[in-house]
Amino acid sequence: MKLVILEPLGIDKAKLFGMLERKLSKQVETVYYDTRVEDVPTLIERSKDADIVVLSNFQYRKEVIEHCPQLKMICVAFTGVDHVDVDYCKERGITVCNCAGYSTVAVADLVFGLVIGLYRRIVACNTVTRESGTKNGLVGFELAGKKFGVIGTGAIGCRVAAIAQAFGCEVFAYSRTKKELPGVTYTDLDTLLGCCDIVSLHVPATAQTKGLINAEKLALMKPSAILINTARGPVVDSAALAQALNEGKLAGAGIDVFEGEPPIAQDHPLLHAANTIVTPHVAFATAESMEKRAVIVFENIERWLAGKPQNVIC
C-alpha cells in the first residue's frame, strides 16, 4: 500500500515518522511532502499512484481524484470534510475518514478568547495603552449571569456549553440532535437568538446550514448581543452580519472562519465591520491538537487496513 501525506501535519517530521513506524510499521510505503501545495496539477502528480492520501483542509475534488485510479482511502486530518468530493468518493467506493475530536479543546478555548476579547475590549485596551490612553470608554462586561446560546451540540458545542456554565452563564442550545446536558435548556433557533447575549456557532457546513445566520435571523438578536463563529464561514451571511454590526444592531462578533481559507481579501465586509475580532482560521491549531490529530490519522489508517475503519464519513 502506498500512503501519500500531501502536506505537513503540524508536528516535527521525526516525531511524525516515529508515530508512523509504531502504528503502521511495514504495512505501507510512505511518501511525505513537507510543503502545502493546492493547485490541481500538483495534487494530481502527488496523488496519482496513492492507495491512501492524507490531507487537511484544502480542496480535494473529483478533478483530482479521478486521476488516482488506485485510491482507496482519504484520511482527512480535519473535522469538516466539505472540501472533499464525498459524493464522488461514494461512487468510487473510496473510504473517507476524518479526525473528529482532535480540536475540541482548542476550538472551545478560542471561543472564550473571542468572547472575553469582545466583552473586555482587549484589542482596543492594548491599542490605547500603547498610545498613553486610559480606560475611558473601554469598560466592559462580565460573563456571569449572561445567557449563552450554543448552536450545534456536537463535541465542541458540548464543551463550550460546559465552560459557559463554569463562567456562570445560563446556557441555551439549539441542535438537530438533543442530548442530556445538565443545566442546558434546548429551544428553537429563533428563541435562542432572541434571548441570548452571546451566540456561538458549532454546526458543519451543509446545504441545510448554509446561510443559517442570515439578515432575518440576525434581526432577532439583541443589539447588545455578540456572535462567535468558529464553525464554518458559509453558515453566516457575512455581508448581512457586517451591516448589522455597522448599523449598531449587534454589539460585536468574533470570526475565525470565512467563505474561503485565508488569506482573506482586503475588501471582505467583516474586515471592515465595527466591533469585530477576526482570526485566520486558527481555532483548531494548537501544539497539542496537532499531535492529537497525527495520532488519529495513523489510528484511522491502521484500523482501515485491519478492516475495522473508524471515523468513517463514507
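In this predicted model, the helix α7 contributes more to the lining of the largest pocket than any other element, with 3 residues. The elements that supply two or more residues to that lining are α5, which spans 104-119, and α7, which spans 155-166. The lining of the largest pocket comprises 40 residues in total, and those that lie nearest its centre are Thr79, His202, Val203, Pro204 and Ala205. By class, this lining holds 17 nonpolar and 18 polar residues, together with 5 charged ones.

The second largest pocket is lined by 18 residues, of which Leu118, Arg121, Ala251, Gly252 and Asn275 are the closest to its centre. Two or more residues of this lining come from each of α5, α6 (122-130) and β12 (276-278), and α5 gives the most, with 3 residues. The helix α5 is thus named for both pockets, since it also gives two or more residues to the lining of the largest pocket. Sorted by class, the lining of the second largest pocket has 9 nonpolar, 6 polar and 3 charged residues.

The volumes of the two pockets are set out below.

| Pocket | Volume |
|---|---|
| Largest pocket | About 1,200 Å³ |
| Second largest pocket | About 430 Å³ |

Notes:
Residues numbered from 1 in each chain as written. Predicted model: local features only at pLDDT ≥ 70, side-chain atom pairs only at ≥ 80, totals over all residues. Heavy atoms only, no water. 1 Å grid on protein atoms, 1.4 Å probe; cavity = no way out; pocket = protein on both sides within 12 Å on 5 of 7 lines; lining within 4 Å. Points joined across faces, edges and corners; volume = space filled by probe spheres on them. Helix = DSSP H or I, 4+ residues; strand = E, 2+ residues; numbered from the N terminus. Nonpolar A, V, L, I, M, F, W, Y, C, P; charged D, E, K, R; others polar.
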